[in-house]
Amino acid sequence: MKRVAIQGGLGAYHGIAAENFFGEEVEIVPCITFRDIFTTIKKEPNTIGIIAIENTIAGSLLGNYDLLKENKLPIAGEYKQRISHCLAALPGQTIHDIKEVESHPIALMQCTEFLDTLPDVRIIEHEDTALAAKDVAEKHLSTTAAICSTKAAEIYGLNILARGIETNKHNFTRFLIIANPWVVDELQKGEVLNKSSIVFTTPHSEGSLSKVLSVFSFYGINLTKIQSLPIIGREWEYQFYVDLTFSDLTRYKQSLQAIRPLTSELKLLGEYPNGKQSEL
């Protein structure tokens, strides 16, 4: 059985994505923060990690890009998980009993239209959706509801007051699978690698980034995402995190060699199969 470190408690969307990605039973290792996932893998080298990197509504999780670069754990794969929230409370409660709703800030943001229908309810931010559900259950918070997954509600014995309360029904989060290199090799056996993530900086000069992008265009490499982050201590200079897809591995490798003279600090974060997406 694979051990998978996640951010959040049992029933968190990270755990749901891990189970869907591996298609089998996994042992979930809950972690409080994303940084704790990397720490867990360092202590237990055969453990796999899964981290959210972007959401179709909330955008990129910028801090996780830096964690990927700092910790040097390669990306083994990706999974795009449909996120559907529910409102859950203690058994016997109705929606009219609820005075407070708590959840992760991003989950709250994704449910604004529903929350607007509860004008007298106080909104409380929590570190995790599943742990919010756990708090409601274990602390017997009779007038508090959690926004969480239906799985979390079931795990902690809560009553689901409303389902599918996210504003946008095309709400997906993209998760990355990370692990030590020998674990990645095992996970990728028999897989076709047609996507990669890289990070690089360019000289602080006119047209430097466009030259790099022109090289990828010449080699037929598709950019599916480009994310800039400031370089701490170097005002108005940026590092670029780029996702690439390709059908010709040789030309992809050639494109990386071609951009090296145009970049500095070029780092490969991982080569992996273009990820599957859960159904709506």
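In the predicted model, strand β12 (residues 195-201) and strand β14 (residues 238-245) run antiparallel and are joined by seven bridges. Within this pairing, serine 197 faces aspartate 243 of β14. Both strands belong to a four-stranded open sheet, ordered β13-β14-β12-β15, with antiparallel pairing. The edges are formed by β13 (222-230) and β15 (264-272), each of which pairs on one side only. From one strand to the next, the twist averages 15 degrees. Strands of a sheet pair through backbone hydrogen bonds, in either the parallel or the antiparallel sense.

Two helices accompany this sheet. Helix α9 (residues 208-218) lies across β12, β13 and β14. Its direction runs at about 160 degrees to β13. Helix α10 (residues 249-259) also packs on the sheet, where α10 touches β12, β14 and β15. The direction of α10 makes about 165 degrees with that of β15.

The residues of α10 can be sorted by burial. Tyr252, Ser255, Leu256 and Ile259 are its buried residues. Viewed down the axis of α10, these residues fall within an arc of 100 degrees, so they line one face of the helix. An α-helix has 3.6 residues a turn, so residues three or four places apart point the same way. Thr250 and Gln257 lie on the other side of α10 and are exposed. The cover over the buried residues of α10 includes β12, α9, β14 and β15. A further contact is found at the start of α10. There, a side-chain oxygen of aspartate 248 comes to within 3.0 Å of the backbone nitrogen of threonine 250.

The loop between β14 and α10 holds phenylalanine 246. This phenylalanine 246 is buried, with a relative accessible area of 8%. Which residues does phenylalanine 246 contact, leaving aside its neighbours within four places in sequence? They are Leu193, Asn194, Lys195, Ser196, Ile221 and Tyr252. Of these contacts, Tyr252 is also one of the buried residues of α10. Phenylalanine 246 can also be placed relative to tyrosine 219. The two are 27 residues apart in sequence, and their C-alpha atoms are 9.4 Å apart in space.

Another group of strands centres on β3 (residues 48-55). This strand is mostly covered, with seven of its eight residues buried. Strand β1 (residues 2-7) pairs with β3 in the parallel sense, over two bridges. Here alanine 5 has glycine 49 of β3 as its bridge partner. Strand β11 (residues 172-178) runs antiparallel to β3, and six bridges join the two. In this pairing, glutamate 54 has arginine 174 of β11 as its bridge partner. Strand β4 (residues 59-60) pairs with β3 in the antiparallel sense over two bridges. β3 and β4 form a hairpin, with three residues between them. Glutamate 54 appears here too, standing opposite serine 60 of β4. In a regular strand the side chains alternate between the two faces of the sheet.

Charged side chains were examined next. How many salt bridges does a search of the whole structure find? The search finds 18. One of them joins glutamate 70 and arginine 35, with the closest N and O atoms 3.6 Å apart. Glutamate 70 lies in helix α3 (residues 62-71) and arginine 35 in helix α2 (residues 34-43), so the pair ties together parts that are 35 residues apart in sequence. Both partners are partly exposed: glutamate 70 has a relative accessibility of 48%, and arginine 35 has one of 47%.

Lysine 80 and glutamate 78 form another salt bridge, at 3.8 Å from N to O. Is glutamate 78 buried or exposed? Glutamate 78 is buried, with a relative accessible area of 1%. Aspartate 135 and lysine 139 also meet in a salt bridge, again with an N to O distance of 3.8 Å. Lysine 139 is exposed, at 54% relative accessibility.

Some salt bridges join into a network. Its members are Glu54, Glu78, Lys80, Arg174, Lys195, Lys225 and Asp243. Several of these residues have appeared above. Glu54 and Arg174 are bridge partners in the pairing of β3 with β11. Asp243, in β14, stands opposite serine 197. Lys195 is among the contacts of phenylalanine 246.

Technical notes. Residues are numbered from 1 along each chain as its sequence is written. This is a predicted model: local features need pLDDT of at least 70, side-chain atom pairs count only at pLDDT 80 or more; totals for chains, interfaces and linings use all residues. Side-chain values use heavy atoms; hydrogens and water are left out. A salt bridge is a side-chain nitrogen of Lys or Arg within 4 Å of a carboxyl oxygen of Asp or Glu. Buried means under 20% relative accessible area, exposed over 50%, partly exposed in between (1.4 Å probe, protein chains only). Two strands pair if DSSP finds at least two bridges between them. Axes are lines fitted to C-alpha atoms, for helices over the stretch in contact, and angles run from 0 to 180 degrees between N-to-C directions. Contact means heavy atoms within 4.5 Å. The arc is that of the directions from the helix axis to the C-beta atoms. A polar contact is a pair of N or O atoms within 3.5 Å; within protein, one must be able to donate a hydrogen and the other to accept it, and residues adjacent in sequence count only if both atoms are side-chain atoms.
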